[in-house]
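The exercises below ask you to read side-chain burial and ring geometry from a structure. Please work through each task before turning to its solution.

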Amino acid sequence: MWQRNDFPYRKHFVQNKCIFIHIPKAAGTSVLAALGKKKEKGRDHISWQTYKKASNRKFKTYFKFSFVRNPYDRAHSAYRYILSGGNQGAQDLAVAKEIENYSDFDDFVEQALWKGTFRSHLLFLPQSNFIMDANETLMVDFLGYFETLEQDFKQVADALGIESQIAHRNKSSSTAPVQGAGMTQATREKLAILYAQDFVNFGYRT
């Protein structure tokens, strides 16, 4: 039975006997809603280690899954999201003020991310940090892709015995590039280095 202090095993996880590792800006809000999460706010962006430490039994027995996204597009989406104020909390609004100092995404990558600024920010961490162990072993039972969200979530729904319909929520207000289109070659090269793990681990092309 679920209890309020059962962090990080939220009610919708216990009811479905699952662990969804929510990587920021990879359709996680849509997945959580499909799992029965009622409120838009209060998302947990935490790694597999946190779930395992909290309950090794649940970690072994629950169905574990996550979704990843093309690293180029995810970085751009994170930039647009935080630039617009993120979750509108004080911390995100403060970061938005800092990011406004960069003329555009290419400038942000060159002058900030590439030089280490914001690289440890939750939204810009490599996706591998959330779901891979030190030996580059995938720590979830199923890995879905943002680019094939509906069909991949159907496999999750079938495994959990729930309805497979999913609505794409929390979309960026701007049209995000597709696989890095619209970025300069220099930006693509820098991101390919910064997120090399993700490109290799998840099969995306640089």
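**Aromatic rings and a strand pair**

Phe65 is buried (under 20% relative accessible area, with a 1.4 Å probe and protein chains only), its own relative accessible area being 0%. The model is predicted, so local features need pLDDT of at least 70 and side-chain atom pairs count only at pLDDT 80 or more, while totals for chains, interfaces and linings use all residues. Residues are numbered from 1 along each chain as its sequence is written, and side-chain values use heavy atoms, with hydrogens and water left out.

**Exercise 1.** Classify the ring pair of Phe65 and Phe67.

*Solution.* Begin with burial: Phe67 also counts as buried, at 1% relative accessibility. Next, recall that rings of Phe, Tyr and Trp (its six-membered ring) pair if their centres lie within 6.5 Å, with planes under 30 degrees apart counted as stacked, over 60 as edge-to-face and the rest as tilted. The centres of Phe65 and Phe67 are 6.4 Å apart and the planes stand at 85°, so this pair is edge-to-face.

**Exercise 2.** Find which rings are linked into a cluster by ring pairs.

*Solution.* Following the ring pairs leads through Tyr79, Tyr102, Phe105, Phe108, Phe118 and Phe124, which together form the cluster.

**Exercise 3.** Determine how far the charged ends of Arg69 and Lys190 lie from the ring centres beneath them.

*Solution.* A charge sits over a ring if NZ of Lys or CZ of Arg is within 6 Å of the ring centre and within 35 degrees of the ring normal. The charged end of Arg69 sits over Phe146, 3.8 Å from the ring centre, and that of Lys190 sits over Trp114, 5.5 Å from the ring centre.

Definitions and conventions:
Buried means under 20% relative accessible area, exposed over 50%, partly exposed in between (1.4 Å probe, protein chains only).
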